[in-house]
Amino acid sequence: MRIWRASDRVFQPWKNGGGETATVLGAPEGAGPDGFDWRISTAIIARSGPFSPFPGCTRLFTVIAGAPVTLHLSDGRCERRGPGDGALRFSGDLGCDCHHDGAPTLALNLMTRAPFRAEIGPGPLPGAARRFLFACAPIPSLGLAAHDMAETDAVAEGALSVALYRAPDSSAEA
């Protein structure tokens, strides 16, 4: 089981400077913010402001710790998310303003470009090309600290399952 430790993450400013992000894993490895096929990252949100645009991407946003946030999307949706509320899927082409009021928020973000897609959920996610477990709390039985991520088919209480898929007719690797 391969593990990506939260303690090893290096946070960097967002493309627009409004927060900080740390890439956990992406493909191709080492791709910048505009060159990835898919990316799993964590973000720290400490103030209100716009999210960086990611044209051509599908975004999954999940609050894993801290204060809730409200996302105002340019398609008219207004979505409040806090820990345990589940993932919000939206297009990276949309404008997104984040209203934050409280303690810093830690979010898990998945971004994909076709032919890739992703899912986040509390239980098993079948049929994926790659499966990961993101520990929202320590999982001693798997050797995971809070916010560590492991490539595994395991499911656990206090964790989110992350699945990456690719279109069946694609020869690209997940």
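## Loops, pockets and cores in a predicted model

Colleague: His147 is found in the loop between β13 and β14. What is the phi of His147?

Modeller: The model is predicted: local features need a pLDDT of at least 70, side-chain atom pairs count only at pLDDT 80 or more, and totals for chains, interfaces and linings use all residues. Residues are numbered from 1 along each chain as its sequence is written, and side-chain values use heavy atoms, with hydrogens and water left out. Most residues other than glycine have a negative phi. His147 is not a glycine, yet its phi is positive, at about 75°.

Colleague: Does His147 count as buried or exposed?

Modeller: Buried means under 20% relative accessible area, exposed means over 50%, and partly exposed lies in between (1.4 Å probe, protein chains only). The relative accessibility of His147 is 18%, so this residue counts as buried.

Colleague: Where is Thr152 found, and which backbone nitrogen does the side chain of Thr152 reach?

Modeller: Strands are DSSP runs (E, at least two residues) and helices are runs of H or I of at least four residues, numbered from the N terminus. Thr152 is found in the loop between β14 (149-151) and β15, and it counts as buried because its relative accessibility is 17%. Outside the residues up to four places away in sequence, Thr152 touches Met1, Arg131, Phe132 and Leu133, where contact means heavy atoms within 4.5 Å. At 3.0 Å, its side chain reaches the backbone nitrogen of Ala154.

Colleague: Which peptide bonds are cis, and what is omega for each?

Modeller: Most peptide bonds are trans. One cis bond runs from Ala27 to Pro28, with omega near -5°, and Pro28 has its place in the loop between β3 and β4. Pro115 is found in the loop between β11 and β12. The cis bond that joins Ala114 and Pro115 has an omega of about 15°.

Colleague: What is the volume of the largest pocket?

Modeller: A pocket is an open set of points on a 1 Å grid over the protein atoms alone, where a 1.4 Å probe fits and protein lies on both sides within 12 Å along at least five of seven lines. Grid points are joined across faces, edges and corners, and the volume is the space filled by probe spheres set on the points. For the largest pocket, this volume is about 360 Å³.

Colleague: Which residues lie closest to the centre of the largest pocket, and which element gives the largest share of its lining?

Modeller: Lining residues have an atom within 4 Å of a point. Of the 21 that line the largest pocket, Pro13, Trp14, Thr21, Thr23 and Arg39 are the closest to its centre. Two or more residues come from each of β2 (12-13), β3 (20-27), β4 (38-45), β6 (58-66) and β11 (105-112). The largest share, three residues, comes from β3.

Colleague: Is Trp14 buried or exposed?

Modeller: Trp14 has its place in the loop between β2 and β3. Beyond the residues up to four places away in sequence, Trp14 touches Gly19, Glu20, Thr21, Ala43, Ile44, Ile45, Pro50, Phe51 and Ser52. With a relative accessible area of 12%, Trp14 is buried.

Colleague: Asn16 is found in the loop between β2 and β3; how does its accessibility count?

Modeller: Leaving aside residues up to four places away in sequence, Asn16 touches Pro50, Phe51 and Ser52. Because its relative accessibility is 36%, Asn16 counts as partly exposed.

Colleague: Which element gives the largest share of the lining of the second largest pocket?

Modeller: The second largest pocket has a volume of about 200 Å³. Among its 13 lining residues, Thr23, Leu25, Gly26, Glu29 and Gly30 lie nearest its centre. Elements that give two or more residues to this lining are β1 (2-4) and β3. The largest share, five residues, comes from β3.

Colleague: Which residues have the most contacts inside the largest nonpolar core?

Modeller: A nonpolar core is a set of buried Ala, Val, Leu, Ile, Met, Phe, Trp, Tyr and Cys residues joined through side-chain atoms within 4.5 Å. Outside the residues up to four places away in sequence, Ile40 touches several residues, including Val24, Leu25 and Val162. The largest core has 20 residues, and those with the most contacts inside it are Ile40, Leu108, Leu110, Phe132 and Met149.

How values were computed
Polar contact = N/O pair within 3.5 Å; in protein donor to acceptor, adjacent residues only side chain to side chain.
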